Amino acid sequence: MKKFNIRKVLDGLTASSSGTASPQPGTNQNDVIQETLQSEHFQLCKTVRHGFPYQPSSMAFDPVQKILAIGTQSGAVRLFGRAGVECYCQHDSGAAVIQLQFLVNEGALVSALADDSVHLWNLRQKQPAILHTLKFNRERITFCHLPFQSKWLYIGTEKGNIHIVNVESFTLSGYVIMWNKAIELSSKSHPGPVVHISDNPMDEGKILIGFECGTVVLWDLKCKKADYRYNHDEAIHSVAWHHEGKQFTCSHSDGTLTTWNVRVPAKPTITITPHGKQPKDGKKPEPCKPILKVEYKTTRAGDAFVVMSGGLSYDTGCRRSCLTVMHGKSTAVLEMDYPIVDFLTLCETPYPNDFQEPYAVVVLLEKDLVVIDLEQIGYPIFENPYPLSIHESPVTCVEYFADCPPELIPALYSVGSRQKRQGYSKKEWPISGGNWGQGTLSYPEIIVTGHADGSIKFWDASAIMLQVLYKLKTAKVFEKAPKGGKEEKPSTEIVDEDPFAIQTLSWCPESRMLCVAGVSAHVIIYRFSKQEMTTEVVQLLEVRMQGELNDVDSPDPAGDHPPTPSTPVPPSSSSPTQEGEPPEAQPFTSDDRPRDNVPGLKVWSAPLKQSPGYQVELVIQLVWVSGEPPQQITSLAVSSSDGLVVFGNSSGLAVVDYLQKSLLLNMSTSELYSPSDPYQRQPRSPRKTRQPSGALSDNSDGNNISEEKSSKSPTSAKMSKKISSPTEQKTGLDAKDSSFSRSRSSSVTSIERESREAISSFHFSESFPRKSDSSPSPSLWLGTTQGTVLVLSLSLPPTGDQRLQQPVGVSSCGTLVRLKGGILTMAFLDSLGAVLPPSYEPWSEPSAPDEEKTRRRRPASPPPTQDGQDSQYAVVCSEKQAKVVGLPSQSCFFKHNITESSFVLRADVVQMAAGLCLACFCANGHIMTLSLPSLRPLLDVNYLPLTDMRIARTFCFSNLGQAMYLTSPTEIQRITYSQETCDNLQEMMGELFTPLETPEAPNRGFFKGLFGGGAQSLDREDLFGETAAGKASRSLAQHIPGPQGMEGMKGAASGVVGDLARARIALDERGQKLGELEDRTAAMMASADSFSKHAHDVRPMLYQVICEVQTWVQLVFVSPKYFHCLIEPASSA
């Protein structure tokens, strides 16, 4: 019996590369190409994360540094400063962040997680790191409080106890406030978890402890006992102090606010229900929704501000979350678009014992961040400078363009600036901390995102920043289906939800031509213009794409039904529908025949006002075929130099001339193969073969335009073209039979879907479509999901008026090459190995005279081929392998098997600073780069396993070693695989911490200082230190040191700001040392003076003592008799 080796199986599953590239037999002319890229040019690392923090859970603000921190349910922490200063941190455990606390103006942050761990982050470096971690073992953390300018952190637990942590050493103090000592001894029930901790603003020795049950305790830290206990029937959610420390306000679960006098614990002095209806009979108001949080902020010149979330009446019609601002006698209820997670009131002073002077409220919503201006009438919001609106509508596709034309970003910004909303606060954004990076690597980068509502956003992504430039709404082209009412007939839309969602897009930055495809099988072509215009009638072209017979038809045993003739319809300016068809498209006709030749969406029929920016040139819609909806478009490409758009799906492909508004080609994938093609697929059904549609010829003359095109005028107001071919259809098919294909088993359907060959990629190029070509010509290269690369030759008329009048020829040139897996990308290199970009027509204003328009630009033509030498190389990459083919010989020079056990999701030929490479992202998480043209492996990193289809759908590479993907529904993660970018990343990133002076403490005043009415300080070290409180139990929490110590906080920053910080810190330390040295010198001088004085006084006495000693010495050593006289009495005794 053969032995089974599981290790070999696992190795096979995880293997991502099958070895080095293998040269193929053929000419060695490629040896003259010098490849400059080496492995040392590549390194993979994350650069920056943009967008709104996904699933936020907590928030904190440093009032001195003006930095905002947001924690998420996945353990991430996002830090925001001024526009362009952002940072992303991640806890390894991935547990939710339940609370954040800044060490104000210290460059540090404390985070408490749902796994009962507390972390200390160092923010004095560009990439924050954890300094200490404390993991609780026996108690669950529910609340944390760090007093201003204190190093002792209070931690409340689910058991009702409070532990104290030294944030410098991150060790527990032996001082513990037990719940049974805090509540009354007569109480028989547990008070519940700790929901609030705060110290009295005027007395640091007193802290307020709020328990969930409704009990609040004022605890005396010195005496270790409760001074007062305040009991209420309703549960407590939050507590807010008055700055004088004499009163505090609690928010409760029944929608009430209770205000307590510190010295009157019997009952609250004030009880109000802000949104409750007051009964006339004097009874209690009806209960309302819980007030989740309340903040009480005082002002020096007027009434205090009371800000709260929740508390609305249960019978209130508004279902949205609201923030209530009460100022004096006025109450403002501010509706929010999403549920409120947390809010913070921003104040002028960080000291809690001074007038707060609030100026703004930061509101963290589930999917947005809102900042409200409290100093202007009406409470307007600030204009948010962060790119937090990526998810305004769900992202459905993404494209990344690096090294764009330099004039493109200003052009998009100029038209996008007119779209900005009005009514924002006139003040500057209050979260303004940090400094921008000093990086020198800056080139134009643009990210284009397509969304579910049909909108497209253009983002400026230069210098690792992100800013929205322009927003295009494609849904304006269509009429919206009426909502409500009785619909007796089935919907005409192809998809139930988001019918305008963007499926894919093709954009030419040089010509600014934009082509987008939606999920309703529609394609829209846009031109860019800086002038506003009104389109009287939106030009429309309807295309009937029918795949293989057994893909669209229902079973028909007889098989002899009359074909549907192809009846071209003359253009009509009044209706886009086919002659004889009712104006409103229905899925079934009056005699219950299946819906046919009807699009899924209705184009806007009234005049369309188009603002400056992208304006509609042509709308193309695929129509229903025999009761079946059209297949969604899988690939799309636009060529501005040729004036063509091509799109494909599982049914086939269509080529459209958007200049003449005509359809050039419409055929299935199988019809593209020539009869002698070795890769031709055999029919999957013994039924009759289908006649080609679109009149595509296999010869080389290219004169193959459909005759019905001649009946269309390129200048007609509205186009409505039905292209069809003689196919077998059942005219009397009823609705029951027409739904047969949908009622088949899922297994059969999936098998047919898998075996159906769809178009997966396109590429326009000036190349050699045939082996016999001696000079390049316009051509269209297309790849299929079965790994076949097919070529179409394009015959274009001369430019000018002839281009608008003469037809464009399209002819098939057969198959170029076959690879394993679906074709993902294609590119072309010249004889020296440089990439040949697609030809384009430089942008010019559409309304400009023809003389001012520049002619189209095509890449430099390679020299004519001689002696069988190839002038170009085609690079083709599929889901499994890559090949380099010489043209026009069509010889394969190199082949590389990228992966065997996995498959490639995205591949692109990218231009690096030092050369070209092929970049690939595999489903097993590997990111690889291959040299060109030799396909030599340069980089292979196991970066990110495919855990979400969102990553597969949005991952894309760009030039100069940049890449990105949607890491969550609301966030974009940018990465780089360039060593140069990685080396300069630290300089490009912004600084979070800036050395600033802490504001001066409030003046106590003469009378408060005289009578002791000011704030009372507390030496917490004497209370919580090991000497006084002892050591905490080791089993309670485990200390885990981070990679750095607390002493590293002062020298960890890098860059210019870091140098300034170090210089400032060194200067402060030097001044402190000089001061200490001066004090010691003065003390030494005083000591010397005292010593001199005492020495002067002692000198006569000392002289006398010395004389007496000398006399005794002389007597002892000079007179022996005297010496014997002295010792004899002693010896005799």
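Which side chains meet in a salt bridge at 3.9 Å, N to O? They belong to Lys427 and Asp373. I'll come back to that pair in a moment. First, a word of warning: what we have here is a predicted model.

Okay, let's start with the sheets. One is an open sheet of four strands, and the order across it is β15-β16-β17-β18, with antiparallel pairing. At its edges stand β15, residues 194–200, and β18, residues 225–231; each has a single partner strand, so one side of each has no neighbour in the sheet. From one strand to the next, the twist averages 20°. If you zoom in on β17, residues 215–220, you'll see that β17 pairs with β18 in the antiparallel sense, over six bridges. To find your place there, look for Val217, which stands opposite Arg229 in β18.

While we're on those two strands, have a look at the loop between β17 and β18, because that's where Lys224 lies. Lys224 has a phi near 55°, which is a positive value in a residue other than glycine. Is Lys224 buried, partly exposed or exposed? With 48% relative accessibility, Lys224 counts as partly exposed.

Phe170 makes a nice companion. Its phi is also positive, near 55°, and again this is a residue other than glycine. You'll find Phe170 in the loop between β13, residues 162–166, and β14, residues 171–177. Phe170, though, counts as buried, at 0% relative accessibility.

Now for another sheet. This one is open as well, with four strands in the order β30-β31-β32-β33 and antiparallel pairing. Here the edge strands are β30, residues 395–402, and β33, residues 467–473; each has a single partner, so one side of each is left without a neighbour in the sheet. The average twist from strand to strand is 20°. What packs on this sheet? That's helix α3, residues 408–416, touching β31, β32 and β33, and the helix direction makes about 65° with that of β33. As for the pairing, β30 and β31, residues 445–451, run antiparallel and are joined by seven bridges. Tyr400 stands opposite Ile447 in β31.

Right, back to the opening pair, Lys427 and Asp373, and their salt bridge. Lys427 sits in the loop between α3 and β31, while Asp373 is in strand β29, residues 369–373; the two are 54 residues apart and link distant parts of the chain. Lys427 is partly exposed, at 31% relative accessibility. Asp373, on the other hand, is buried, at 0%. There's also a network to point out: salt bridges that share partners join Arg49, Arg78, Glu86 and Glu971.

How many salt bridges turn up in a search of the whole structure? The answer is 31. Let me show you a couple more of them.

Arg936 and Glu35 meet through their side chains, at 3.1 Å from N to O. This pair spans 901 residues: Arg936 is in the loop between β55 and β56, and Glu35 is in the loop between β1 and β2. Arg936 is partly exposed at 29% relative accessibility, and Glu35 is partly exposed too, at 23%.

Then there's Asp354 with Arg300, where the closest N and O atoms are 3.3 Å apart. Asp354 lies in the loop between β27 and β28, Arg300 in the loop between β23 and β24, and 54 residues separate them. Asp354 is buried, with a relative accessible area of 16%, whereas Arg300 counts as exposed at 53%.

Let's move to Asp642, in the loop between β41, residues 635–639, and β42, residues 644–649. Asp642 counts as buried, with 3% relative accessibility. The side chain of Asp642 makes a polar contact with the side chain of Ser639, at 3.1 Å. Where does Ser779 come in? The C-alpha atoms of Asp642 and Ser779 are separated by 9.7 Å, and these residues are 137 apart along the chain.

Last stop: cis peptide bonds. The bond from Leu887 to Pro888 is cis, with omega near 10°, and Pro888 is in the loop between β51 and β52. A cis peptide bond also joins Leu932 and Pro933, with omega about 5°. Pro933 is in the loop between β55 and β56, and that loop also holds Arg936 from the salt bridge with Glu35.

Notes: Residues numbered from 1 in each chain as written. Predicted model: local features only at pLDDT ≥ 70, side-chain atom pairs only at ≥ 80, totals over all residues. Heavy atoms only, no water. Pairing = 2+ DSSP bridges. Axes fitted to C-alpha atoms, helices over the stretch in contact; angles between N-to-C directions. Contact = heavy atoms within 4.5 Å. Buried < 20%, exposed > 50% of the residue type's maximum accessible area, 1.4 Å probe, protein only. Polar contact = N/O pair within 3.5 Å; in protein donor to acceptor, adjacent residues only side chain to side chain. Salt bridge = Lys/Arg side-chain N within 4 Å of Asp/Glu carboxyl O.
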